[in-house]
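Let's take a walk through this model together, one helix at a time and then into the empty spaces. Keep the structure open beside you as you read.

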Amino acid sequence: MPSSRRRPRPKRPRSLVRRPRQERAQATVDALMEATARILETQGLEGLTTNKVAVLAGVSIGSLYEYFDSKDALVRAWCERYVQRVREVVDALLDSLEPLPLEDAVLPFLDGVFELNLGRQPFIRVLLDELPTVLGHHPLRDIDDHLAARWEASLRRKHADLPADLSLRLYALTRMGRTVTAAWIVEGRPASEVPALKRALAGVITAALGRPAPHKAVP
C-alpha cells in the first residue's frame, strides 16, 4: 500500500530564488544613481534631496533608504561609480594607444579626455567646486593618480632615458591637465580653439617628460 506521506518537493537552487531579487535591487540602485546624476547636473548639490532623487527614479523614499541612509551617502556612491566609469574609459583609451610612442599617443589621448567633458559646464562646476565639500577630497584625485601610474608604467617599459623625477612630473602634469581642461569648459571658451589648446598641452607634456614634440597635428 503506498505511503500517505507526501514526498518533499525538491528545493529550488538558491541562485534561482535570489537572482530576480538581486536584479531588481541593482535596477533600483541604477535608477537612483541616474537620478542623482541628473539632479546634480541641473540643480547642483544644493538642489539635491533624497525626496527629489526618489521621485525622479520612480521609487518610494522608503526604498531609497534601504540602500542609502542620507543625501551624502547618495553623493558618495555616485562619485565612486563615476570615478570607476571614467577609469574604465581611460584604461580602454590607454590600452589602444599603448603601441604608440608618447609623442604620437598624447594628442589622441587628449582627444578622448576632451570628448568626455565638452559641453558639460554645469556638471563640471559641481564636480570640481561642490562635491569636495561632501567627500573631503577632490573626486578626480583617484583618476589623476591612476592615470599617472599608467603613463609611468608605459614610459618605463618603452624608454630608458627618462627624468629621475618622472613620478613627480606626472603628478604635476595630470593635475595641470585636469585644471586646464576644466577651466576651459567652465569658462565657455570657444570649441573652435580646442585643437590649438590640445596641441599646446601636448607640447607641454612631451617637453616635461623629455620626449620629442608631437608631430601629428589635430585637424
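**Starting from helix H9**

At 1.5 Å a residue, the 15 residues of H9 ought to span 21 Å, and the end C-alpha atoms of H9 are indeed 21 Å apart, so the two agree. The expected span here is 1.5 Å times one less than the number of residues in the helix. Helices (H or I, at least four residues) and strands (E, at least two) are DSSP runs, numbered from the N terminus.

Before going on, a word on the ground rules: this is a predicted model, with local features needing pLDDT of at least 70, side-chain atom pairs counting only at pLDDT 80 or more, and totals for chains, interfaces and linings using all residues. Residues are numbered from 1 along each chain as its sequence is written, and side-chain values use heavy atoms, with hydrogens and water left out.

Which residues of H9 are buried? They are Val194, Pro195, Leu197, Lys198, Leu201, Ala202, Ile205 and Thr206. They cover an arc of only 160 degrees around the axis, which puts them on the same side of H9. That arc is taken from the directions from the helix axis to the C-beta atoms. As for the term itself, buried means under 20% relative accessible area, exposed over 50%, and partly exposed in between (1.4 Å probe, protein chains only). The buried residues of H9 pack against H5 and H8, where contact means heavy atoms within 4.5 Å. Just past the helix, H9 is followed by Gly210, which has a positive phi, near 70 degrees.

Now zoom in on Ala202, which is found in helix H9. Ala202 has a relative accessible area of 0%, so it counts as buried. Setting aside neighbours within four places in sequence, Ala202 is in contact with Val106, Leu107, Leu110 and Pro214. The C-alpha atoms of Ala202 and Phe109 are separated by 9.5 Å, with the two residues 93 apart along the chain.

**Across to H5**

Those partners lead us to H5, where Val106, Leu107 and Leu110 are among the buried residues. Also buried in H5 are Leu102, Glu103, Asp104, Ala105, Phe109, Val113, Phe114 and Asn117. The buried residues of H5 pack against H4, H6, H7, H8 and H9. What about the length of this helix? At 1.5 Å a residue, the 16 residues of H5 should span 22 Å, and the end C-alpha atoms are 23 Å apart, which agrees.

Stepping back, the chain has nine helices and zero strands. Of its 219 residues, 39% count as buried. Residues 24 or more positions apart make up 69% of the contacts in the chain with a separation of 6 or more.

**Into the empty spaces**

Rolling a probe the size of a water molecule over the atoms shows where empty space is left. On a 1 Å grid over the protein atoms alone, a cavity is a set of points where a 1.4 Å probe fits but cannot get out, while a pocket is an open set with protein on both sides within 12 Å along at least five of seven lines; lining residues have an atom within 4 Å of a point. Grid points are joined across faces, edges and corners, and a volume is the space filled by probe spheres set on the points.

A search of the whole structure turns up two cavities of 30 Å³ or more. The largest cavity has a volume of about 510 Å³. Its lining has 30 residues, with Val113, Leu147, Thr174, Gly177 and Arg178 nearest the centre. Helices H4 (71-97), H5 (102-117), H6 (121-135), H7 (141-158), H8 (166-186) and H9 (194-208) each give two or more residues to that lining, and H8 gives the most, with nine. The lining divides into 24 nonpolar, four polar and two charged residues. Here Ala, Val, Leu, Ile, Met, Phe, Trp, Tyr, Cys and Pro count as nonpolar, Asp, Glu, Lys and Arg as charged, and the others, Gly among them, as polar.

The second largest cavity holds about 100 Å³ of space. H7 gives the most to its lining, with six residues, and the lining divides into seven nonpolar, one polar and four charged.

Finally, the largest pocket contains about 300 Å³ of space. Among its 15 lining residues, Ala37, Trp78, Tyr82, Arg85 and Arg120 lie nearest the centre. H4 gives the most to this pocket's lining, with six residues.
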